[in-house]
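Visitor: I am new to this structure and should like to learn how its features are read. May we go through them one at a time?

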Amino acid sequence: MSLRIGVFICNCGTNIGGTVNVPEVVEYAATLPNVVHTEGNLYTCSEDGLSSIRNQIDERDLNRVVVASCTPRTHEPLFKKNCELAGLNKYLFEFVNIREHCSWVHMTQQDDATDKAKDLVRMGVAKVSLLTPEEDLSTDVLPSSLIIGGGISGLSAALTLATQGYQVELLEKTDRLGGLLKNVNMVFPSNAPTAELLDPLVDSVIKHDNIRVHFEVKLVEVKGFIGNFTAVIKENGGTGELKIGTIIVAIGANELKPKGMFGYDLFDNVMTQLEFEQRYRRGFNGLKKVVMINCVGARTDEMPYCGRFCCITAMKNATLLKEAIPEAEVTILQRDIMAFGKVFEEYYQKAMQVGVRFVRYNVDRPPEIKGAGDAANKVKVYHELMGRDLELDADAVILTTPLVPAEDNQALSKMMKIPIGNEGFFMEAHQKLRPVEFPADGIFIAGCARYPTEIVECISQGYAAAAKAAAPMAQGRVVTEAFISKVNPLSCSSCGRCIEICPFGAVDWVEFRFSPEITREIATVNPTECKGCGLCVASCLSNAIYLKGFTDEEILAMVGTTIAGHEFTL
Amino acid sequence: MSQKAALVIGGGIAGMQASIDLANMGIKVYLMEKKPSIGGRMAQLDKTFPTNDCSMCILAPKMIECANHENVDLLTYSELSELTGSSGDFKAKIIRKARFIDEDKCVGCGECIEGCPITVTDEFNAGLGNRKAIYKYFPQAVPSTFAIDRRGTAPCKTACPAHISVQGYVALIAQGRFQEALKLIKEENPLPAICGRVCHHPCESACTRSQVDEPVAIDFIKRFVADLDLKSETRYLPQIKKKRAHKVAIIGAGPAGLSCAYYLAKEGYQVTIYEKLPVTGGMLSVGIPEYRLPRDIINAEVQVIRDMGVKIKTGVDIGKDITIEQLREEGYNAIFLGIGAHKCTSLNIEGENLEGVYPGVDFLREVNLGKQVSLGDRIAVVGGGNVAMDTVRTALRLGAKEPFIIYRRSLEEMPANEEEVEECEEEGIPIYPLTNPKRIIGENGRVKAIECLKMKLGEPDESGRRRPIPIEGSEFIIEVDGVVPAIGQESDWSCLGPESACTLSNWGTMNVDPITLQTDDSDIFAGGDAVTGPKTVIEAIEAGKQAAISIDRFIRGVNLREGREREWEPVEDVPTEGYDHIPRTRMPRLEPGDRANNFQEVQLGFSEEQAVTEAKRCISCGICSECYTCAEVCKAEAVDFAQRDREVTVNVGAIVLATGFDLYDVSPLMEYGWGRIENVITAMQFERMICASGPTTGHLKRPSDGKEPKRLGFIQCVGSRDVRHMRYCSAVCCMHATKEAILAHEHYPELTSTIFYMDMRAVGKGFQEYVRRAKTEYEVEYIRTRPGRVTLNEENQNPVIHYEDTINREFRAREFDMVILSQALIPTESNISIAKRLGVELDEFGFIATPEGLSNPFGTTKEGVFGCGFCQSPMDVPDSVVRASGAASKVAEVLAQHS
C-alpha cells in the first residue's frame, strides 16, 4: 500500500503562529513526498483539531500522521489515542515539536523559525514514512507476592496484601517473626511494650489464610520477571519453587556493634542501646549514673550517615530509666538532637522534663571512657557550651549506634539484580518519588534494608510497597509500549556489555541455536522488562541491537533530510 | 454495597501519589484539589534535596499521569461541602468552583493574560511578583486551564441601575486604555458624556474605597473617556449586527428613548424616534441647565445614535400629529413610550394661581428653549431636588438678585446631588431648610409674599427619610417677587388614544411588567419617568435598554422573561486594609465669579492625568473587573462569565486526606524583621526567586535595590520549635536551607551563606553527605545558635543578625545582604472545615489526628478515612509519598473487605 501522509500544523493560538509562519509551513509540507493532506489548526489539540485528524484519516485514507505542535511529553498520548480512534495504528504517528524547539526559542527570528519549522516537519515526514505498525505487549501477572523478611516491614506488607486478597509467601530466615523489633522492650513514642504492637500483628499474619510463612528458609535463586517470578528456596532440608507475580524485599538491618570504640571491647558495662534493653529487660537493677554517647559509629568520616532514630532510642531508654529511678543521673552526650517532626520534638521535650541531661560534644573532641578492671566508671567530655571538660561518673555507658546493612544484601543484590548504594543499603529507583521501588519492575523495597527507618516508617513502607505490588496484580497483566530494544542474534558477539549496562535488568543471556550443531549464548531483551531507554543499543559494539521506533534507518532518514541532497543509508 | 472508588482530597505530591497508586490498582479515583491546578507545594520548589533534581521535572510527569490516567477524575478548584454514609459507601458532595473558563475548550494558550487590566499578588510566587486576574496557576499547571479570579461583582456595578462594568472601565482607564473603556461603558450606557455630568452616581455611594478614604470619582472618570471620544476624529460606533427589516417607533427622545433606540439599532432594527419638543434629549435638554450639561454634549451623543441609522423626528406630537394606530398601520412592529414627566406637580396651597408663580420645570423648559422669562429679584424656589437647584441657579444667571431655596426637610435629606448643593452655596444662594410654604400672598393678582412654617423632623417615612412635622405657631412671612414650585413632575398622557389598551396607575404612571416593561398592550413598551415618575437619567437609560431587549425578543417571538430575573449581589468581605490614604481627585470648576452671570459649563472635566490617577484609586473589589477583554480575545471561546459554582456528588468507598501544609505567617516574629526590613525574606520567597520559572527568572535580587546579594544568612526554626508559635519541628527546613544555600552558590560562585541553626537535623538518606558537601564545596557555614534579632543597617539596607556564638560564648552581630527565614510549616487552614465535614478530629496543632498510633499510621478518627503526608505531621517528600502509597493500600483493604 502506498504511503498517504497527513501533516497537521498547530498555531497554538499565537504561541507558534505568532512566530512561525504556519500557512507557509503548511504549504511547504504539501510538497513533501507522499504527503496527501496538510492543514493548519488554531489548536490541533482542541476537539476541532482532533476531529479533523480523524476525519482526514477516514476521508483521505491517511496511513501516516504527523502533528507539528508542542511537546510529546504532554500531548503525544492524546494524538496517538486519537489515531487509534480513527482506526490507525498508533505507532504510525510522529510528533514534531515546533513550539519548544522552534517558536519559543527563536521568538525574535521569525524567518529563521519558519525555516526551522519546515526542517523539523520534513524530518518528521521522513521518519514517519519508515514507521511500521506495532502492537503493545502484555504479560499476565500472578496474584501472589513473595515477601523476603518477617520483620515489622515485611509483616505489614504481608498482612495488607493478604487482606486485599492476594496470596503471600513470607520468607523468614529465623524461627520467629518480628525481626529486630522483637529484641526491643518498649517502643517510642508511646513507651508501650513492643509486644502490644508486634504480637497481634504476628498472630494475624500466621493465622491469615492468604499468607504462607516459611521459617528458617533460605532464598537460593530468583528467576523470571514481573508477573512470573520463580523463587527457589531451601527449607526443611529440601528445595522448593514458589511462583509469584511480585516481590518485596524487607530483610531489615543490624545494629552496629561498635568494636574498638569507647571501650566497648574493654569494659563489661559499656554496651549498645539494644544490649542495654536486653540486659535490663526486667529492671534497671539500681543503676544510678548512666552516660549515653550518641553518634557512635555515625556521622563520622568513616561512617558518614545518620542513624535517623538513634537519638530517639537513647531518649527512650534514658526516659524509662529516669521514670523508674528518679534519682538516677542520666546524661546523653549528643552532637545534634535529631528529634525531627511533631512527635519526636515533643518526645525530646518530655525527656528534658523528666530530667534527662543533654550535653553537646564536638566530634573533634570525643568523650573519653575511663575505667578500672573490666568496668568503666567515668566519662570525660568537653562541654561545648561551657567551654570546659566535665567528668561524669558512670555505672554504665551506653553507646548509641546506628543500624548497618544486613550481610545478605550483597547476595540478594546479585541474585535479583537490584542495586546497592554507597552505604551498603539497597538503592531505591528514585530517592524522592520512588522510595519503595527498584528500577526493575515488580520488585519493591521496604524498611531498614533501604535505610535506617523507625517503626512507623517501616509500617508505612510495608504498606507502600504492598500498594506498588498490588497494582500489577490487580490489573492481572502488564502492558508495555512496543518501542523496545531487540537483538539480532546473528550479529551478537556475546560480549555482555548490554547486560551490564541495562538499568532494568532486562537483558540476559539466552542459549541460541544457530544450526543443529552450533549453539551459543547470546544477549536477549525481555520485552516486559525493557523500558526502551536505548542504552543497550548505544553500548553494542556489533550493531546487533536496535530500538523500535528509533532505528538507525529512521534516525538517518531524519538526519539525511536536513542536509539537502544528501541521503544517508547504512 | 461497596463503591469501588475513592476520593483523594489534596492534589499535592501525596495526593497525586495516592491517586496514581489507587488508579493503578483499578480503583476509580476522584482527586479533589482546592487550587486551580494539582501539583501542590512541590510545584513551587526549584530543586529537591539531596539530589538537586529539578522539582518540576520530576513532578510534572506525575501530574500528567494523574491527568491522563483513565481511572482518575481530576476535580480541581473544588471543595468538599458534605459527607454522608460510612466506610465502604460514602457520598461526598463537592463544590466545583466556577473558573469562568470552560476546561474542555481552554487550550492554555495564554492569549487572555495580556489584556487583563487587573493585577494581583501572585501567591504561587509567595507574594514576590504579580499575576493577572485571569491566570494559569503556574506554567505547567494541570489541567492546563486558566481561571478567572472573581470574588464577585463589585458594588459599583451592582448599585448602578444600568449595571455598567464600572470596575472594568475604571481598571482600563487606569491603564490608559480609554477607547476600550468607552466601548465597555457603551455596552450598557449609550450616553456616558451626559451621565458623566448629571448622573446621581449610586456607584460612588456604594464604592468600597470610601471605607479607606473617599469613594473613587467614578462619574468624572467616565466623563473623561466619553469626552475624549466625542472630541476624537472618529467617534466610537458599535458594530451593528445583521440588518433587520423590522421597524420600531420610539415616542420621546429623552434618555429612555435614546437608549432604547441605540440598543435596537445595534441589533439591526429600523428605529424612528418621535419627539414632541423641537429639540432632542427630553429633560436633559429642557430640564437641566446648560451650565451643567452643555447642549453640544447632548447633540454629540445623539449624533452617534443618528449615525447608527436611527431617524429622529422632532416637533411631532403623538396623539395630535400622528396616532399610535397610524404608527401601527405604517408597519411599526413595536412601540416604546419614553415620554418622561414634564408636568409640574402643584403645591396645593392657597395662592398658587397668582401671577409670578411659575412651575420649575416649565421655567427651565422655557429658558432652555431660549425664551426670556423674568420673575423679579426675590425668588423663592420650593423643593430640594435637582430641579430646584437648577431653577434657582438658572434664576441667578438670568439676573435675579436674591433667589433662594425653601426646603421642608434638613440639608442631609436633600435629594439633589451633593456637588450641586455645594455649587449653589458657592454661588451665594441661600437655602432655608426645615421650611415649608403655607400660602402664597398676593396683591393685585400678583405674588407679594410667601407665608412659611418652620418644620422639625419626626420618625422616618417609607422613603427612609425623616418625616417633616410643622411646628405650630411658627408661621412667618417672606416678601418675594416670584415663587417657583419644584417639588415633582408627572407625565402628560395626551399621546394615548382609545386605540391603545395600556393602563395607568393611580399615580398617573404607565402600568408595565417590571421585568419586560411590556404594557397591557403587547406591542407597546414603556420606561423611564413615564413609568417610574421622576427618577434619574441612568434609570431611564436602563429602562430603555431593557425595553430594547424585550422588543427584540418580542419581534423574534421568543420568551420575554427568560433568564432576566437576575439578582445583583455585591461582593462582600473586600479587604480594605493596607491602602495608603489618597484623597479623591477634585473636579476643577469655573470660579464662582466667572459663572454666576452666564451659562458656561461649571465643571471643567478631568485631565488625562487626573483621570488615570483617580482610576488607580480603585481597590478592585471583585478582583476580576468584568471588563470582558479576555472573552473577546479568546479564540477558543472558552471564557464563560455565566459559569456558576456547581455541586457534584461522588460515591466512594474510602477517602484519603492529603491536604499538605501552609506557610506560617512570620510577621508576628517582629524580632526577625520580616515585613519591616526589605531584605529579609522567607524561605519560600527565596525558593521562588532562585527558580528559573519564578518572578526573577532565577536571579537573586535584593528586594530593596535589585542588587545581587553576596552574603546570605539563613535563620532556622522561625516559628518552629518555639513555644510562642509552633512547638514542633517542621522537619524539612534544615535540608531546605542547606539546599537553598547550595543552589545560591551554584548560581553565584562568589556568594557565601551562613545557616544559623539549633540542631542540624539531616536524618534522611544522603542528608549528612549533602551537608558535608555544602560545607566543603559550596562555602556554607553553619553556626549553632538561635539568633535574637535582626536589625537594619540603614545605610545599605543590609539586615544584621544578632546572635550568641555558643562555641566562644560571645554576643555577635553579622551583616548580610539578604536574610532568609526558614518559616514554620503548618497544617492547612482548610483542615478545619474539611475535618468538620468529614467528621475527623484534628490534633492540637490542626494536623489530622492519628488515634491508633503505630498500629495504624494512616488511620483517622473516622473509619474509612485515611490521612497521609504533611497533613498528619511534618515530613519530607519521600516520607509523604511513602505514606500516600501506604494509604492507598489501606483504601484497597477497605474496598476488598466491603466487596
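**Helices, a sheet and an interface**

Guide: Let us begin with a pair of helices in this predicted model. In chain A, helix α2 (residues 47–59) packs with helix α3 (residues 72–85) at an angle of about 40°, and their axes are 9 Å apart. This makes α2(A) oblique to α3(A), because angles under 35 degrees would count as roughly parallel and those from 65 to 115 as roughly perpendicular.

Visitor: What is the handedness of the crossing of α2(A) and α3(A), and which residues meet there?

Guide: The crossing of α2(A) past α3(A) is right-handed. From α2(A) come Leu50(A), Ile53(A), Arg54(A) and Ile57(A), which meet Asn82(A), Cys83(A) and Leu85(A) of α3(A). By class, the residues of this contact between α2(A) and α3(A) are five nonpolar, one polar and one charged.

Visitor: How is another packed pair, α1(A) with α5(A), to be read?

Guide: In general, two packed helices are described by the angle between their axes and the distance between the axes. Here helix α1 (residues 22–29) and helix α5 (residues 110–130) of chain A cross at roughly 35°, and their axes come within 10 Å. The crossing of α1(A) and α5(A) is right-handed. On the α1(A) side the contact is made by Glu24(A), Val25(A), Tyr28(A) and Ala29(A), and on the α5(A) side by Thr114(A), Ala117(A), Lys118(A) and Val121(A). These residues of the contact of α1(A) with α5(A) comprise five nonpolar, one polar and two charged.

Visitor: In which order do the strands of the open sheet in chain A lie?

Guide: The order is β11-β12-β13 in chain A, an open sheet of three strands with antiparallel pairing. β11 (218–225) and β13 (238–244) of chain A each have a single partner strand and stand at the edges, so one side of each lacks a neighbour in the sheet. From one strand to the next the twist averages 20°. Seven bridges join β11(A) to strand β12 (residues 228–235) of chain A in the antiparallel sense. Val222(A) stands opposite Ala231(A) in β12(A).

Visitor: How many residues does each chain bring to the contact between chains?

Guide: Chain A brings 56 residues and chain B brings 57 residues. On the side of chain B that touches chain A, α1 (13–24), α2 (55–68), α24 (767–777) and α26 (877–898) of chain B each supply at least two residues. α26(B) gives the most to that side, with 14 residues. By class, the side of chain B that touches chain A has 26 nonpolar, 14 polar and 17 charged residues.

Technical notes:
Residues are numbered from 1 along each chain as its sequence is written. Chains are lettered from A and ligands numbered from 1 in the order in which they are written. This is a predicted model: local features need pLDDT of at least 70, side-chain atom pairs count only at pLDDT 80 or more; totals for chains, interfaces and linings use all residues. Axes are lines fitted to C-alpha atoms, for helices over the stretch in contact, and angles run from 0 to 180 degrees between N-to-C directions. Helices (H or I, at least four residues) and strands (E, at least two) are DSSP runs, numbered from the N terminus. Angles under 35 degrees count as roughly parallel, over 145 as roughly antiparallel, 65 to 115 as roughly perpendicular and the rest as oblique. A crossing is left-handed if the near helix is turned anticlockwise from the far one by less than a right angle, and right-handed if clockwise. Two residues are in contact if their C-beta atoms, placed from the backbone, lie within 7 Å. Ala, Val, Leu, Ile, Met, Phe, Trp, Tyr, Cys and Pro count as nonpolar, Asp, Glu, Lys and Arg as charged, and the others, Gly among them, as polar. Two strands pair if DSSP finds at least two bridges between them.
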